[in-house]
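Biologist: Please take a close look at a single part of this model and describe its surroundings as one connected picture.

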Protein chains: 2
Amino acid sequence: MSKTANEIRVSQVEIRDGFWSEIQDRIIDVVIPFQEKVLNDEVEGVPKSHAIENFRIAAGLSEGEFYGMVFQDSDVAKWLEGVAYSLAVKPDPELEARADGIIDIIEKAQQPDGYLDTYFIIKEPEHRWQNLQECHELYCAGHMMEAAVAYYETTGKDKLLGVVQRMADHIISRFGEGKERGIPGHQEVEIGLMKLYRVTGRTEYKEMARFFLEERGKNPDYFYEEKKKRGWQHWGQYTLDPLDTAYAQVHAPVYEQKKAVGHAVRAVYMYTAMADLAGEDGDKRLYDACLTLWDNIVNQRMYITGGIGSTVEGEAFSTDYDLPNDMAYAETCASIAMVFFARRMLEAEPDGRFADIMERELYNSTISGIQLNGKQYFYVNPLEVNPGISGKIFGYRHDLPERPGWYECACCPTNLVRMVTALGSYAWSENDTAVYSHLFMGQKADLKKAEIIVKTDYPWEGRVSYEVFPKTEMPFTLAVHIPSYVQIQDECTVITVNGGPVSIEKQMKKGYLYINRTWQAGDRVEICFDMKVRKVFANGKVRDDAGCVALMRGPFVYCFEGVDNGEDIQTLRIPREWKAEICRCEDGVLKGNVLLKIPGYRMCTGDELYSEERPRKEEAVLTAVPYYAWANRGENQMRVWMLEEN
Amino acid sequence: MSKTANEIRVSQVEIRDGFWSEIQDRIIDVVIPFQEKVLNDEVEGVPKSHAIENFRIAAGLSEGEFYGMVFQDSDVAKWLEGVAYSLAVKPDPELEARADGIIDIIEKAQQPDGYLDTYFIIKEPEHRWQNLQECHELYCAGHMMEAAVAYYETTGKDKLLGVVQRMADHIISRFGEGKERGIPGHQEVEIGLMKLYRVTGRTEYKEMARFFLEERGKNPDYFYEEKKKRGWQHWGQYTLDPLDTAYAQVHAPVYEQKKAVGHAVRAVYMYTAMADLAGEDGDKRLYDACLTLWDNIVNQRMYITGGIGSTVEGEAFSTDYDLPNDMAYAETCASIAMVFFARRMLEAEPDGRFADIMERELYNSTISGIQLNGKQYFYVNPLEVNPGISGKIFGYRHDLPERPGWYECACCPTNLVRMVTALGSYAWSENDTAVYSHLFMGQKADLKKAEIIVKTDYPWEGRVSYEVFPKTEMPFTLAVHIPSYVQIQDECTVITVNGGPVSIEKQMKKGYLYINRTWQAGDRVEICFDMKVRKVFANGKVRDDAGCVALMRGPFVYCFEGVDNGEDIQTLRIPREWKAEICRCEDGVLKGNVLLKIPGYRMCTGDELYSEERPRKEEAVLTAVPYYAWANRGENQMRVWMLEEN
């Protein structure tokens with residue numbers, strides 16, 4: 001096995017998409033500036049951040065005490081990473097100047113030996129590196145590496161890159177084979193090190209990532225021994241149990257991990273780095289380990305929306321097929337992590353199953369995390385809410401029926417910012433012989449072998465055109481991912497090159513259509529397919545979806561809200577023989593979205609709690625909206641899975 | 001309104017019933033002796049009780065420290081109450097002598113002023129009566145009153161009665177109008193005081209009960225103020241929040257409480273005392289308050305099994321129609337409390353709706369709390385369990401798939417003991433003109449107006465005969481509750497007196513058949529009805545039962561277990577057009593139970609987690625067992641509510 005395709009940079013793609021451009025604009029115009037103010041403690045009525053002030057104090061530019069979480073630094077890092085991508089999407093010299101100023105402070109905060117973590121610099125210098133399990137120094141370092149690489153790639157400025165290289169060198173001097181055999185409590189540094197390796201070409205960063213990954217689980221008692229040795233705890237009564245090895249993914253060496261377990265974000269960050277390293281090194285054994293974990297997530301542990309980590313306890317994976325809709329955790333960040341994982345798997349092997357999941361995540365349980373106005377956020381993405389119960393009663397308390405202001409949860413908003421601003425880089429990968437289009441998305445992509453302009457009404461309609469302007473006279477392959485729901489044998493599915501038909505079945509391999517030719521400027525590949533509404537059934541082992549169907553159209557999962565469907569939507573039924581009318585929403589907050597109208601039924605009962613009388617069936621027209629857009633019209637009931645008529 | 005009927009004593013009824021006699025025997029032969037050993041710390045491998053030793057220490061008969069919960073005394077009281085009833089059912093001079101010995105110790109432990117609570121006598125005498133919210137002195141007193149009354153009624157011995165009267169007098173000297181306006185944190189003393197009033201005829205006990213009931217909620221801040229005043233807490237970090245007034249049923253005066261809220265056992269103990277007092281005093285206003293709360297429970301907040309208090313948090317009532325099956329709490333004790341409440345409502349007004357619920361509780365979610373072998377117990381009675389999830393994963397951790405040993409939970413076993421041994425007294429009430437039969441149950445009842453012998457195959461078959469041996473030559477009424485599920489217009493429903501037909505519709509009133517006549521010795525009332533299997537539907541507002549049916553036969557709710565039905569019972573479907581075959585179980589642990597065999601379907605899916613392929617329908621024969629008998633054949637899946645074919 002050798003690396004199949006390389007990542008592309010954010011700056012290579014300009015999104016010009018009916019769906020995504022608006023979301024990117026909102027992130028760049030609303031979220032990034034607001035977040036900057038919060039990090040600078042300039043917003044009233046929001047919990048104090050102090051994150052930039054911590055760096056100032058550590059830099060000796062200000063007096064005071066550290067304030068915030070032990071991983072407060074990562075808020076600044078994630079914001080900087082988002083800013084970096086946003087500068088590629090939409091240059092903003094003033095924003096860039098302010099970011100430069102913050103980077104100056106960060107540089108000054110760095111210690112002579114390269115160490116950089118304001119909590120320990122200011123508050124407990126004697127405790128540096130003693131509590132990897134709880135104190136997230138490596139996690140913060142990883143995020144700062146990602147920020148530095150992004151900032152370098154989009155602005156060309158390398159000051160922060162120098163900072164994180166010195167930090168990485170400090171880490172390498174301390175940890176590794178023949179040194180301290182440490183591993184991070186919250187995986188992330190592995191991702192940062194891989195990016196740092198790619199931008200600097202220094203293999204020691206990649207080898208450091210490999211050490212952190214391969215060391216993990218060799219000694220399942222590592223965190224237990226660390227705790228005994230240091231004799232202090234950071235979180236008091238909330239301290240992690242170092243014996244819960246699965247929570248921390250240290251229960252077995254990564255090659256022997258067969259199930260996705262523990263804290264979902266930590267797990268998938270780790271898998272992302274594993275996939276990245278597997279692709280980079282052509283490491284088949286590591287790739288196979290990734291594939292086992294991927295398959296377990298996708299085939300046993302994922303909501304139809306792409307949500308993962310179904311239990312609130314530990315924000316963690318539960319057991320196979322345990323996917324309760326009304327108790328779901330399905331953290332926004334975990335779905336974002338799946339986008340990262342899918343991207344790295346696609347670079348290792350362009351297989352449509354990875355792109356399908358990337359698409360599922362992007363259009364559903366990632367962006368369900370953000371209000372359409374860009375100002376409120378969900379951490380948790382349930383598939384059913386019931387006002388009066390959700391957010392209030394034990395078991396459902398984490399499942400809120402409306403998005404709170406972003407300041408309530410710092411990690412998901414910043415993660416959404418960096419995902420949405422970097423979106424273009426997920427759309428493609430490239431190698432010497434081919435360019436791979438993973439997502440249907442309107443854009444201008446500036447690849448090594450060609451400039452490609454994609455025009456589309458996707459995700460609302462099944463029409464996509466790729467206009468190719470080659471930079472080489474040599475033939476190369478354009479490989480286009482065709483989502484698995486597209487029925488390639490359907491007569492409505494037509495793919496043409498310059499108007500001439502393509503033999504779809506012959507040219508399809510693992511979900512990609514391979515078109516190899518010597519391209520002429522303006523060559524056009526067109527893809528048309530019928531975007532019908534699909535009824536989807538869950539595996540019988542998923543108890544919570546028994547007897548139910550979910551509706552999908554294109555990449556969207558649909559849901560039913562009380563505001564459209566009245567009270568007690570659990571009494572509504574979708575007929576077995578059914579049809580759905582497509583309506584483009586013309587006004588209001590959902591303007592532009594395709595809604596579904598389904599003639600169905602409402603089952604009516606009397607006042608008794610239990611009765612031998614069969615519920616009466618009344619005709620009712622059901623309305624469904626894309627799941628990502630739920631909870632934008634006030635608090636109301638919502639369900640994804642609906643019972644079929646019986 | 002005046003009192004309609006009086007309670008009868010346990011000693012007036014000898015149960016001779018195919019179903020209940022065996023359960024009574026098991027309680028008396030297995031549970032009571034085992035529990036005695038535990039209370040005396042004579043069982044290895046069981047958490048130390050120390051309950052009798054606490055009394056010895058308080059009595060100066062032993063040296064040592066108090067050990068156990070602050071309400072440890074109540075374990076002794078509840079055991080003594082069960083012993084008292086058991087002596088009526090099955091005399092045992094040795095057991096009685098040992099109980100007398102314990103009562104001697106209790107008497108010696110009582111303080112000169114009548115105070116009796118070993119925790120405060122031994123450990124914190126300076127803190128007596130300062131923490132009514134948390135420390136349950138009144139709760140323990142109430143249980144000791146119930147024990148004393150029971151012991152007096154079945155043995156004629158009044159030593160313990162003297163003890164509790166002195167305790168009650170002490171309470172009266174301290175609390176009430178013009179004195180301290182205290183109320184109990186855990187209701188129970190009100191029940192004890194009412195019983196003490198009836199056996200002694202002293203109205204001050206009844207008035208003390210009235211004070212505790214009517215004072216409650218007048219000042220919703222009572223517990224908050226108490227906490228501020230005393231400046232100490234008993235439970236440390238687990239202390240109750242005195243501002244959660246609904247939890248403690250102090251949010252409003254009892255007359256203004258419209259919803260059943262808070263800790264379910266405390267609530268229903270309170271309603272029981274309210275109903276008792278309402279009946280006793282002919283207090284229409286109080287009766288109406290009870291009726292409002294009764295209706296809220298029965299029409300909005302009760303599982304089909306009779307389980308109440310659906311949320312584990314606070315062992316409490318949730319909101320209307322929030323009845324999750326797999327997260328149910330439905331404490332055994334709460335269902336037992338509903339039996340008590342129903343009994344008192346029946347004495348206030350013989351209305352079949354109370355008897356229906358009493359029956360539902362007795363045959364379902366009370367005795368589901370005890371293993372058929374008598375040795376293991378459920379606190380919590382879910383309507384769905386899934387091994388690997390139930391008892392293990394957040395949200396479901398309290399729902400165990402198998403009954404633990406009884407020592408794990410002290411309250412439900414002791415409550416089951418006193419309910420089952422006192423069963424005869426729930427079967428009847430009596431007034432000057434009528435005797436009321438509330439339950440079909442084989443027995444010899446020695447009432448004031450007649451000895452009545454009931455013979456029946458109930459609950460397995462619909463045949464009951466009442467043979468009357470009058471003690472008076474005056475006419476009187478035998479009023480027999482006909483369960484509401486019996487279709488009185490069905491041609492199979494036949495009621496005769498000495499073989500002659502009775503005009504059922506004319507003589508039925510509120511669920512009771514009234515037969516007034518001058519009875520001759522050996523007069524026989526016979527009731528026959530078709531005991532068909534019923535499909536029951538839940539109100540559409542119960543989200544968790546949407547699309548489902550439950551099966552009932554006679555008083556039993558049925559459930560489906562994995563041991564009979566294979567894996568993934570959520571994939572099984574009951575046809576809309578259906579039939580059920582009745583099978584008497586001939587061997588094994590369920591011997592004697594009627595099982596149901598239903599030709600139905602299993603919905604089969606492929607390996608994919610989500611698919612557009614409709615599940616295949618395969619024929620399957622489903623087997624259902626009475627709910628009370630579930631989890632007697634090893635850990636396995638269980639469901640009450642099953643989807644109908646669609």
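Modeller: Two strands pair if DSSP finds at least two bridges between them; strands themselves are DSSP runs (E, at least two residues), numbered from the N terminus. The model is predicted, so local features need pLDDT of at least 70 and side-chain atom pairs pLDDT 80 or more, whereas totals for chains, interfaces and linings use all residues. Residues are numbered from 1 along each chain as written, chains are lettered from A and ligands numbered from 1 in written order, and side-chain values use heavy atoms, without hydrogens or water.

The part chosen is strand β15 of chain A, residues 533-538. On one side, β15(A) is joined by four bridges to strand β16 of chain A, residues 548-553, and these two strands run antiparallel. Within this pairing, A:K535 stands opposite A:L551 of β16(A). Strand β15(A) also reaches a partner in another chain: two bridges join β15(A) to strand β21 of chain B, residues 610-611, again in an antiparallel arrangement. There, A:A538 has B:Y610 as its bridge partner.

As for exposure, strand β15(A) is mostly covered, with six of its six residues buried (under 20% relative accessible area, 1.4 Å probe, protein chains only). In a regular strand, side chains alternate between the two faces of the sheet. Both faces of β15(A) are covered. One side carries A:V533, A:K535 and A:F537, and the other carries A:R534, A:V536 and A:A538. The buried residues thus include A:K535, the residue opposite A:L551, and A:A538, the bridge partner of B:Y610.

Notes: Buried < 20%, exposed > 50% of the residue type's maximum accessible area, 1.4 Å probe, protein only.
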